[in-house]
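The report that follows works through one protein chain, moving from a single strand residue to the cores, the helices, the aromatic pairs and the backbone. Please keep the sequence and the coordinates at hand while reading.

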Amino acid sequence: MKKILLVEDDTSLRENVAELLELSGFKVCSASNGKIAVDKAIKEQPDLVLCDIMMPEMDGYEVLEQLSSIETTRYIPFIFVSAKTEKQDVRRGMNLGADDYLTKPFEEEELLSAIQCRLEKAKEMGAALAEYPKTTSEEQEIRSLNELKNFFDDHGQIFSFKKDETIYSKGDHSNMVYLILKGVVKSCGLDEEGKELITSVYSEDDFLGFTSLTDHLPYQEYALAMEEVELAGISKEKVKGILEDNKSVSLELMDVITGDLANIKNQLLQMAYSSVRKKTAQTLLMFSRAINKDKQEPLKISRSDLAGVAGIATESLIRTLSDFKHEGLITIENRSIMVLDKQALQSVN
């Protein structure tokens with residue numbers, strides 16, 4: 001029977017929710033304020049914390065910060081339940097590492113669904129963490145970025161995604177770092193009109209999902225599989241431990257991340273100032289480098305994805321591809337694009 005710590009200063013509401021949870025098959029321990037909640041969480045080790053925000057002694061934000069700083073409670077799923085509905089309140093809660101945020105009043109099904117979802121995710125995370133030993137003997141043997149990738153390959157939890165399937169969404173709590181074993185992934189954001197903007201493209205042997213290893217920051221973008229994708233995931237805590245013990249690996253990884261940031265800056269400059277021909281040419285080269293590496297193979301990429309990276313209308317991209325084909329820079333067959341002359345594309349203005 002799963003145990004839930006219910007933190008609520010309103011006696012009537014606390015008793016009603018506790019009764020609902022007990023009738024749904026959960027064991028409930030209750031706390032009327034944040035200070036009591038922290039003590040009970042440490043002592044009871046619940047499977048999930050359901051917590052109000054505005055409370056005496058210690059508010060819900062402080063409860064989450066306290067529990068996140070303690071080794072034995074930092075991985076307990078945490079759901080805020082509050083009448084505070086302002087966007088900044090919700091965002092603050094998620095930035096602190098909350099797994100979900102429900103606003104009062106809520107429906108019974110909504111509450112139970114959120115709890116079940118978080119318990120399932122915690123189960124998956126627990127299985128992943130259980131595979132990793134607590135000792136640092138393995139980490140001490142990691143002396144290079146390639147050895148770190150081998151560690152992901154050998155010890156990571158394997159995740160598979162079909163084409164167009166979401167890998168993670170904006171606002172999700174980031175618990176893992178991934179290495180792409182197979183396939184291509186795009187990370188995206190949305191503009192004010194809801195138009196998708198592809199910010200990065202990742203392929204085999206690239207890392208994915210890096211956020212802060214010290215702060216509880218959610219993902220600031222979402223990631224989608226562009227084809228069948230296989231990932232190896234390792235918890236952020238495990239990666240942090242490896243990097244702390246192996247400074248040379250940290251420096252190599254920093255170089256990789258710095259290179260990614262430089263590429264994103266170049267992409268933004270290209271979108272802002274380059275001609276449509278230049279944007280299209282650079283986008284083709286970027287996809288060719290990311291997906292084909294050193295292989296000479298056709299690019300099987302949708303026109304909308306190419307246009308999303310280039311920052312131009314799909315119709316403009318299609319016209320430019322037709323021009324490149326007539327100029328002998330590319331060939332197009334069955335909607336696949338073969339880059340024939342990378343040097344010439346590089347010099348397109």
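Leaving aside its neighbours within four places in sequence, which residues is L190 in contact with? The model examined here is a predicted one, and in it L190 is in contact with K195, E196 and Y222 once those neighbours are set aside. L190 lies in strand β9, which covers residues 184–190, and because its relative accessibility is 54%, L190 counts as exposed. The contact with Y222 spans 32 residues in sequence, while the C-alpha atoms of L190 and Y222 are 9.3 Å apart in space.

**Nonpolar cores**

The largest nonpolar core has 29 residues, and within this core L284, F287 and L345 touch the most other members. At least two residues of this core come from each of β9, β10 (196–203), β12, α10 (276–292), α11, α12 and β15 (336–339), with α10 giving the most, namely 6 residues. Among the residues that L284 touches, not counting those up to four places away in sequence, are L299, L306, L321 and F324, and the list continues with I330, I337 and L345. Another core, of 23 residues, lies apart from the largest one and includes L5, V63, F78 and F80.

**Helices α11 and α12**

Helix α11, made of residues 303–310, is mostly covered, since 7 of its 8 residues are buried. The buried residues in α11 are R303, D305, L306, A307, G308, V309 and A310; of these, L306 is also one of the residues touched by L284. Just after α11, G311 takes a positive phi of about 75 degrees.

Helix α12 runs over residues 314–326, and its 13 residues reach 19 Å from the first C-alpha to the last, close to the 18 Å expected at 1.5 Å a residue. Which residues of α12 are buried? They are S316, L317, T320, L321 and F324, and these buried residues cover an arc of only 135 degrees around the axis, which puts them on the same side of α12. An α-helix has 3.6 residues a turn, so residues three or four places apart point the same way. On the other side of α12, E315, R319 and H326 are exposed. Two of the buried residues of α12, L321 and F324, appear among the residues that L284 touches. The helix α12 is followed by G328, whose phi is positive and near 80 degrees.

**Aromatic pairs**

The count of aromatic pairs comes to 7. One of them is formed by F78 and F80, an edge-to-face pair with 5.0 Å centre to centre and 75 degrees between the planes, and both F78 and F80 are buried. In the pair of Y168 and Y219, the ring centres are 3.7 Å apart and the planes lie at 10 degrees, so this pair is stacked. The stacked pair links distant parts of the chain, because Y168 is in strand β7 (residues 166–168) whereas Y219 is in the loop between β11 (207–208) and β12 (222–225), 51 residues away. With 5% relative accessibility, Y168 counts as buried, and Y219, at 6%, likewise counts as buried. Beyond the pairs, Y61, F78, F80 and Y101 form one aromatic cluster.

**Backbone features and cysteines**

Two residues other than glycine with positive phi are set side by side in the table.

| Residue | Phi | Location | Relative accessibility |
|---|---|---|---|
| Q45 | about 50 degrees | loop between α2 (34–44) and β3 (48–51) | 35%, partly exposed |
| E57 | near 70 degrees | loop between β3 and α3 (60–68) | 63%, exposed |

A further backbone feature is the cis peptide bond that joins K104 and P105, where omega is about -5 degrees. P105 is found in the loop between β5 (100–103) and α5 (108–130).

How many disulfides does a search of the whole structure find? The search finds 0 disulfides. Among the cysteines, C51 is buried, with a relative accessible area of 0%, and C188 is buried as well, also with a relative accessible area of 0%.

Technical notes: Residues are numbered from 1 along each chain as its sequence is written. This is a predicted model: local features need pLDDT of at least 70, side-chain atom pairs count only at pLDDT 80 or more; totals for chains, interfaces and linings use all residues. Side-chain values use heavy atoms; hydrogens and water are left out. Helices (H or I, at least four residues) and strands (E, at least two) are DSSP runs, numbered from the N terminus. The expected span of a helix is 1.5 Å times one less than its number of residues. Buried means under 20% relative accessible area, exposed over 50%, partly exposed in between (1.4 Å probe, protein chains only). The arc is that of the directions from the helix axis to the C-beta atoms. Rings of Phe, Tyr and Trp (its six-membered ring) pair if their centres lie within 6.5 Å; planes under 30 degrees apart count as stacked, over 60 as edge-to-face and the rest as tilted. Contact means heavy atoms within 4.5 Å. A disulfide is a pair of cysteine sulfur atoms within 2.5 Å. A nonpolar core is a set of buried Ala, Val, Leu, Ile, Met, Phe, Trp, Tyr and Cys residues joined through side-chain atoms within 4.5 Å.
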